[in-house]
Amino acid sequence: MMNTDLEVEQLLRWRLARAEAGAPRAPSGSRLLELARPWWESWPGRFAELAGQVGRVQADYGYAMAAPDRAGGGHPVPALVVTESEELTTCARILYFNIRDGRLRLRFRLDETPARARESFGATFVTGEGGRPLLSAQAALSLENEYRTDTEIPEELAREWEPLRVTDRMPFRLILRDEEL
Amino acid sequence: MNFVWFWSFWHWSKESFRDGSLLRNPLHGVGGHWDEWFRHEASENDRAAIAKTGRDEASQRRFISWLLVHWARETDLRENRLARRFVLAQIALAQPFKEWAAFEQYRTNRGLGGISAVVLGEGSPGKPEDVRQVEALALPMDTTAPAVVSEGFQADSFELETPRAAAARLLSGSGLLIFFVLWLAGGKRPYPRWLQLVLGLGWLAVGGLILYLLMGPDPADRLPLLTGALAALWIGLVMTAIATATTLGMSAWRQGRRLSARLEQSQVRLRMSGGLTLKGGSAALPFCLNMLVSIYRAEGRLARRSWLWRRLFEGIGARAGTWAATGAITPGGFLKPVVLESKLRACLKHDGIQRILTPRQPGVTSRSLARLAGTLAPSSSEAAAAPSNSSGVRFGFAAEEDCLSVHPCRHIAQAQMRLGGFNSPAQMAMNVFALAVSVTLLVALPDLRGILLPPAAPAASAPSSPSPEYLWVNLETKHPENFLVAMESHYWLNRRVEVVPRSAAGGSGRAEIRLQRSEAPENNDQEDGVVWIERRHWFLGREFAPGERVGRYSLSYLSRLGHE
């Protein structure tokens, strides 16, 4: 039989106490700091390897045209897609590029997609030369193999990238990591 | 103003494209653009209005109608029905439309219904799901993207450009010429049934008249009438055929050039489900045919002026669901052999496919196909175990409706003939007959001219024969074969002699009459007698009775000609 004399507040306190008793211990401060660090600091060797790979991708066009140029297609951005089963070197076509109020909004489409489509990637922006990390963000699948990113961007980068148009050569390359890795 | 929020989105899309934030133009990138706008740019008021529109299916449908009619009118898409459907299909995949029931039909397909391709999955021996419907949509050219865009599958650009090049040639190049020649040889004509019957009877009448003139009784005085009727009938039929062919050919050529220009200025989006990466070019044939259909649909109003194009594309539109195609092609439109057995097996197992276009290649024989069908037939035990499940083998070699008909082709133009339902054995038989009759008449043309437009009556000229045993009749004519010389005398034997061309002197002929005294002459006057010049009529080697007498000379005149 349920004791109907108990107040709701008491009941909630009792439930909270039980939940706290069953919950895992809160992570330590050092663990929280470690989790907050970007992955390239946690695994610098792996980052250097991937940055080297994406840095070697030759994405410039060779103009040996047989047909009139359909210009305006923008410049492909070298991209390295890293999943558990494969590392795919490809190019990303930037479809939307906008920096406003300290945020970068980016949409892109991969020329080649991994065998199994991913709902999202961890996108790391690295410089073309030297493979220096610039920022990381989540790239979520949108429509028709398009991925979108909406992230805060450091003020310095924002100033540098703000004048860029979507058809300009982009000052970064992409490492797209499966978020489950 | 209705649906202001959509105008807000459209304006944002145009402005963002103009200022260089968006790569694709507002039409081609509409799906992604909407997604971006809805997530980050839509105001609270916009969101509330959108939510209000999506509240029930009736108001969702009102929005779709508004988009198709009013919005399209304002955005210059009124003429392009497919582009409007493309917009709906694109935004149907984005929030919040992907939750709206009224958009269901636009999410699943564009309702374009193309010819299916047979693309085998990895290691597939030929399954029904290997038959994949291909949809093609022609949109205005997008300068930021290739001319042919694949959706739902990946392919090398070469695999997509070749069908496009072949489609362009089919519309206005060598492919159109081949298609036109095939249609001339055995394609259905746009005549009403009664006219078809009249023309058929006309050609039979021409054939009958030729036979009559060759083998019938001598028509005597009716010869000019009969040959006149023959010539008039033949000319009438030939002119009708030429006028029809010229009119339809010119119209097809003109509209084909327009369609080709449209193709040049269009981006064709090919959609095929399955997410496959294509290896090999056997899907090129259905790609090419569907590209043609997409251009016609985009340009419909103009292209419908050509009977040939209209019949072809309406035929494809009506039957697309039951057709599949496989074959690699060259830019010129010729089909190259492909692996076929597994694809035929897939079609045999597929419920909807009744006909398949294939390259003409070794192995596509009725026997090999029967063997293949035999391997698919359920064994008696299987049939007994699952009688309701055994659909049986639907097989035939260009046979009846409910079987799989295989149509081997060497060129896409042959596929067009099949798809448009142009092939007509009766027309081909009539064409062969008409051709044979026409060749016969062309051979007989000099003979007909000799009857209907006879040469001028010739005059006799010198010299006369130096021998007293012969009488020479020299005639000044370029057509000596059209004349006879007849001598009538009471002293000499009457004779009728043909006029032989004189090789030494062109434009004249000579009849040499041997003078032989009659056994019972009625007088002793050696100069008694008259020489008649008669017309001589031929038809393909048959000589008719002598015709009209066009000259008369006395024997004495002719024997002294040139000696005075």
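1. What closed arrangement do the seven strands of chain A form, and with what kind of pairing? A quick look gives the answer: a closed barrel with mixed pairing, running β1-β2-β3-β6-β5-β4-β7. Keep in mind that this is a predicted model. Neighbouring strands of the barrel sheet are turned by 35° against each other on average, if you ignore direction. Helix α4 (residues 44–55) of chain A packs on that sheet, where it touches β1, β2, β4 (120–126) and β7 (173–178) of chain A. The direction of α4 makes about 140° with that of β1(A).

2. On to the strand pairing in chain A. Strands of a sheet pair through backbone hydrogen bonds, and the sense can be parallel or antiparallel. β1 (residues 77–82) and β2 of chain A go the antiparallel way, over six bridges. If you want one register point to check by eye, take Val77(A), whose bridge partner in β2(A) is Ala92(A).

3. Here is chain A as a whole. You'll find five helices and seven strands, and along the sequence they come as α-α-α-α-β-β-β-β-β-β-α-β. Of the 181 residues in chain A, 25% are buried. As for contacts with a separation of 6 or more in chain A, 60% of them are between residues 24 or more positions apart.

4. Next, the interface. Contacts between the chains involve 21 residues of chain A and 16 residues of chain B. On the chain A side, β2 (87–100), β3 (103–110) and β6 (146–152) each supply at least two residues, and β2(A) gives the most, with five. Sorted by class, the side of chain A that touches chain B has seven nonpolar, six polar and eight charged residues. So β2(A) turns up in several places: it pairs with β1(A), is touched by α4 of chain A and contributes to the side facing chain B, a recap that needs no mechanism.5. Chain B comes in three pieces: domain 1 (4–108), domain 2 (130–427) and domain 3 (456–560). Taken over C-alpha atoms, the centres of domain 1 and domain 3 of chain B are separated by 97 Å.

6. Two strands of chain B are worth a look. β8 (residues 355–359) and β9 (residues 405–409) of chain B pair in the parallel sense, over five bridges. Within that pairing, Pro359(B) has Cys409(B) in β9(B) as its bridge partner. β9(B) is mostly covered, with four of its five residues buried.

7. Now the nonpolar cores. In soluble globular proteins, nonpolar side chains tend to be buried together. The largest core here has 96 residues, and Leu285(B), Cys288(B), Ala325(B) and Cys347(B) have the most contacts inside it. Helix α11 (residues 284–298) of chain B provides the largest share of this core, eleven residues. Both domain 1 (4–108) and domain 2 (130–427) of chain B put in at least three residues each. Leaving out residues up to four places away in sequence, Leu285(B) touches several others, among them Ala325(B), Leu335(B), Leu357(B) and Ile412(B). There is also a second, separate core of 33 residues, which includes Ala79(A), Val82(A), Leu95(A) and Leu110(A).

8. Some backbone geometry to check. Most residues other than glycine have a negative phi, and most peptide bonds are trans. Which residues does a cis peptide bond join, with omega about 0°? They are Gln95(B) and Pro96(B), and Pro96(B) sits in the loop between α5 (81–91) and α6 (104–108) of chain B. Another cis peptide bond joins Ala462(B) and Pro463(B), with omega about 5°. Pro463(B) is in the loop between β10 (460–461) and β11 (470–475) of chain B.

9. Last, the positive phi values. Ala220(B), a residue other than glycine, has a positive phi near 50°. Its loop runs between α9 (193–215) and α10 (223–264) of chain B. Is Ala220(B) buried or exposed? Ala220(B) counts as exposed because 9 other C-beta atoms lie within 10 Å, and the cut-off for exposed is 12 or fewer. Leu540(B) also has a positive phi near 50°, in the loop between β17 (538–539) and β18 (542–543) of chain B. With 13 C-beta neighbours inside 10 Å, Leu540(B) is partly exposed.

Note on methods: Residues numbered from 1 in each chain as written. Chains lettered and ligands numbered in written order. Predicted model: local features only at pLDDT ≥ 70, side-chain atom pairs only at ≥ 80, totals over all residues. Contact = placed C-beta atoms within 7 Å. Nonpolar A, V, L, I, M, F, W, Y, C, P; charged D, E, K, R; others polar. Pairing = 2+ DSSP bridges. Axes fitted to C-alpha atoms, helices over the stretch in contact; angles between N-to-C directions. Buried ≥ 20, exposed ≤ 12 C-beta atoms within 10 Å, placed from the backbone. Domains from an automatic or database assignment. Core = buried A, V, L, I, M, F, W, Y, C linked by C-beta atoms within 7 Å.
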